[in-house]
Every structure is written in C-alpha cells, then in structure tokens.
Amino acid sequence: MPGQSQQMPPQNPQTPEAQKKKRSKRTPENVADILDRRNESRRYMQINYWDQWEDVFRASKCRTKPIMVTDKTGNEVEDKTRTNVAMPELSLIIRRKTARLTATPPQINYTIAAGGDTGLAERLTAWAYQQFDRSGEAQEHRKLVQSAQTFGYGIAKLFWDTVEVDRQFFVQNEGMAIADKGYASQRPTKVKQFEGPVSKNVFVGDFFIEPGGANLNVSGWAIENYWETDVWLKKMAAKTYIDPDDQSEQPIFDPKAIQELSDMPSWQPIYQQQ
C-alpha cells in the first residue's frame, strides 16, 4: 500500500505513544502518490524508449555495442577477435544540423500595435536579449536542439534563479595586518552576475511523462528525476515569496523540513530502488 511501511508488524502490541511515532514516520499520502507516478512513468519510459535511445546515443558517439562471449570459466567477456566498427555518419549529421539550427539566436523581439510606443518595444527586446546572453541560455539551447536531433525528443525547463560568479577584490589592510599580509590582500567574493529567468536542458533519460502519453502536451504530469547538493538546499532555504492572500513574505520551503533533511546522514542511492 502506498505510504505504508514494508516491514513486518511486531508480535507484541505497541503503546499509543509508539503507534503515534510510527504513524508520523509514514510517507504522506500526497508524497506517496507522486512516488508511485514517478515509478510507473519511469518504468513506461524504460520499456518503450530507453533501449532505442541507448543505441542512438552510442551511435552518435561513434561507439559500438561490445560483442560479448562466454569464456571457459563461464564469464562474459568481450570478443576482440571480431571486427566491431562504428561509422561517423550519424554523428556528423547530428552535429551539422545542430550547428545550422543554432547558428543564430532565436527571435525574441517584442512588437507593438500600430501607433504604439516603438521605444518600449526596443527596450523590451534589448532586455530579452540581455537575459538570453547573461543567463547562459545559448549553451542550454544548443543542448536542447542537439537532444531533439539525436533522440527526436528534447526538454528544457525555465525557472527564476540567480547566477553568481567568484571575483577577487583587493582590500587595503590597516594596523598589524600590514605586517602579516602587506598593504593589500585579496578577498574572494561572490558577485551577482544575473538574476532572472534561466533555462536548463533536461536529459531525456531523467524525464518521465504519463504512461501512454504520446507527448508532453497530452501528458497528465511530468516528472524530472535529478539530484541536488546541500549547497543548493542552503540556497533555497534563503529564498522567499510573497503570499498572494496576505501579501506576507514566506519561505518557499518549510524550514523544519529543510532542517530534517540536513540532519539526515549521507547514503548511497540505488537508482532503481530509491
């Protein structure tokens, strides 16, 4: 059953406190539904797409599937006595079509009605191209096009984020610090390079749609399976949003849930069983 523990129930009856503690550790019903959807969607994508995508990806890298044979000891080893060569035609086709389609940036010009403020349209267009350049969307757009040319399927997500870069600033030392560090020393500082919409390419093997869905438009849901670090968690803990009901500033993630996740020990995930 979703959300229920898979362990065998104990033989001795538990106290009400123990039963309450056990209930609090169960997976919430809405989270269990999401996990069930993720698992079924991943199984559907694996059965219907992954084998073909594996062959295409291998061919796009000019690699071949190893020819395996059974040796005298019963182990599977690669047969290197047979010719196993991959031709570069598919790789060249993908790369040349990707280069042709991404040679110029996409048209993101703003237009206005006749008689309107043409200066406003020009300023919005310049702002859009500035976002496209500073957010690094050109590289992600190229990955998206290459994925579509390779697998016939390309996914990208758009979200609001802050792009930071490391810079070294010289600060003037005073007093006793001059004897240790000289008159000036370097101080590493993170500088906000861009804040706004950011595009990110999604690997097709980590993206799952509703079983039976022909494409993303007809799918009832879409799930991306990816990992984040504790650095990302700390970054998200500091982000807030404005509640539309009372216009108050609220954290986007529950601080208590973030703390519980931070206190959890590290673990080695098993991809098919997490």
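**A walk from helix α3 to a pocket**

Start by selecting R96 and R100: both are exposed, on the other side of α3 from the buried residues we'll get to shortly. Keep in mind as you click around that this is a predicted model.

Now select the whole helix, residues 89-101. You should have 13 residues highlighted. From the first C-alpha to the last, α3 reaches 18 Å, close to the 18 Å expected at 1.5 Å a residue.

Next, which residues of α3 are buried? Pick S91, I94 and T98. Turn the view until you look down the axis of α3: these buried residues fall within an arc of 70 degrees, so they line one face of the helix. R96 and R100, where you started, are exposed on the other side.

What do the buried residues of α3 pack against? Show α2 (29-60) and α5 (137-151), and you have both partners on screen.

Zoom in on S91, which lies in helix α3. Is S91 buried or exposed? Its relative accessible area is 9%, under the 20% cut-off, so S91 counts as buried. Leaving out residues up to four places away in sequence, S91 touches A59, S60 and C62. Select those three and show their side chains alongside S91.

Time to move on to the second largest pocket, which holds about 670 Å³ of space. A total of 24 residues line this pocket, and the ones closest to its centre are F159, D161, E228, W232 and K235. Select those five and centre the view on them.

Then colour the elements around the pocket. At least two lining residues come from each of α5, β3 (155-172), β4 (184-202) and α7 (230-237). Which element gives the most to the lining? That's β3, with six residues. You've met α5 already: the buried residues of α3 pack against it, and here α5 supplies part of the pocket lining.

Finally, zoom out and switch to a cartoon of the whole protein. Eight helices and eight strands make up the secondary structure. Of the 274 residues, 20% count as buried. Try a surface view too: the accessible surface comes to about 21300 Å², and carbon and sulfur atoms account for 53% of it. If you like contact maps, plot one: among contacts with a separation of 6 or more, 56% are between residues 24 or more positions apart.

Key: Residues are numbered from 1 along each chain as its sequence is written. This is a predicted model: local features need pLDDT of at least 70, side-chain atom pairs count only at pLDDT 80 or more; totals for chains, interfaces and linings use all residues. Side-chain values use heavy atoms; hydrogens and water are left out. Helices (H or I, at least four residues) and strands (E, at least two) are DSSP runs, numbered from the N terminus. The expected span of a helix is 1.5 Å times one less than its number of residues. Buried means under 20% relative accessible area, exposed over 50%, partly exposed in between (1.4 Å probe, protein chains only). The arc is that of the directions from the helix axis to the C-beta atoms. Contact means heavy atoms within 4.5 Å. Accessible areas come from the Shrake-Rupley method with a 1.4 Å probe; for residues, only the protein chains shown count as cover. On a 1 Å grid over the protein atoms alone, a cavity is a set of points where a 1.4 Å probe fits but cannot get out, and a pocket is an open set with protein on both sides within 12 Å along at least five of seven lines; lining residues have an atom within 4 Å of a point. Grid points are joined across faces, edges and corners, and a volume is the space filled by probe spheres set on the points.
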